[in-house]
Amino acid sequence: MPSSQASSYEEVPYESEPFPYTHPDSLATVAALYGMTPPPVERCRVLELGCASGRNLIPMAVALPEGRFVGIDLSQRQIADGRALVAELNLANIELEPLSILDFRDPGRFDYIICHGVYSWVPAAVQDRILAICAENLAPNGVAYVSYNTYPGWHVRG
């Protein structure tokens, strides 16, 4: 992301809130309906790319204490806000890191990878990296959720 976009993101942070359809329970259910055998949710490992302040990931970490959760976001301000909430809740199963998607390198595998509200707004190089992370880091039978804006519903925003 160009530095002007990164700095504007710091000035006016993206609103962060829970998205129930990205919860591992929801993703596992949809995967099962399509004939997949998704990883068990109770002890899942979840990565969220573009997690903002973690307000989507943190409730998952509370609800699934045996799971492991990793969120990355370009905004140091957002990550600091999320880390403060994680500390207040005394959660040990979640890590929030200030990191560009382009710089993400994790040799581990994730059962669920979430990238909501990012893909449509980033340059092609970041889009390619999002898909590469999913290809490289998704566990066998894992589920990736990458949202993007499509017409006609998003035409007004264009």
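The following questions and answers examine how the strands and helices of this predicted model are arranged.

Q: What makes strand β4 count as largely enclosed by the rest of the structure?
A: A residue is buried when its relative accessible area is under 20%. Six of the six residues of β4, residues 110-115, are buried, so the strand is largely enclosed by the rest of the structure. For the chain, buried residues make up 44% of the 158 residues.

Q: Why are β1 and β4 said to pair?
A: Pairing requires at least two bridges between two strands. Strand β1 (residues 45-49) and β4 have three bridges, in the parallel sense, and therefore they satisfy the criterion of at least two. Within this part of the sheet, E48 stands opposite I114 of β4.

Q: How do you know that β4 also pairs with β5?
A: Five bridges join β4 to β5 (residues 138-146), and the criterion is at least two, so these strands pair. They run parallel. Y112 has V143 in β5 as its bridge partner, and F110 has L138 in β5.

Q: Why is the connection from β4 to β5 called a right-handed crossover?
A: The chain leaves β4, passes through helix α5 (residues 124-137) and arrives at β5, as a β-α-β crossover. The term right-handed applies because, with the strands pointing away from the viewer, the path from the first strand over the helix to the second runs clockwise.

Q: What makes β3 and β5 the edges of the sheet?
A: The open sheet has five strands in the order β3-β2-β1-β4-β5, with parallel pairing. β3 (94-98) and β5 each have a single partner strand, so one side of each is left without a neighbour in the sheet. Direction ignored, neighbouring strands of this sheet are turned by 15 degrees against each other on average.

Q: How do you know that α5 packs on the sheet?
A: Contact means heavy atoms within 4.5 Å. Helix α5 touches β1, β4 and β5, and its direction makes about 160 degrees with that of β5. Helix α2 (residues 24-33) also lies across β1, β4 and β5, but runs at about 105 degrees to β4.

Q: What pattern does the chain follow along the sequence?
A: The pattern is α-α-β-α-β-α-β-β-α-β, with five helices and five strands in the chain. Among contacts between residues at least 6 apart in sequence, 75% join residues at least 24 apart.

Terms used
Residues are numbered from 1 along each chain as its sequence is written. This is a predicted model: local features need pLDDT of at least 70, side-chain atom pairs count only at pLDDT 80 or more; totals for chains, interfaces and linings use all residues. Side-chain values use heavy atoms; hydrogens and water are left out. Buried means under 20% relative accessible area, exposed over 50%, partly exposed in between (1.4 Å probe, protein chains only). Helices (H or I, at least four residues) and strands (E, at least two) are DSSP runs, numbered from the N terminus. Axes are lines fitted to C-alpha atoms, for helices over the stretch in contact, and angles run from 0 to 180 degrees between N-to-C directions.
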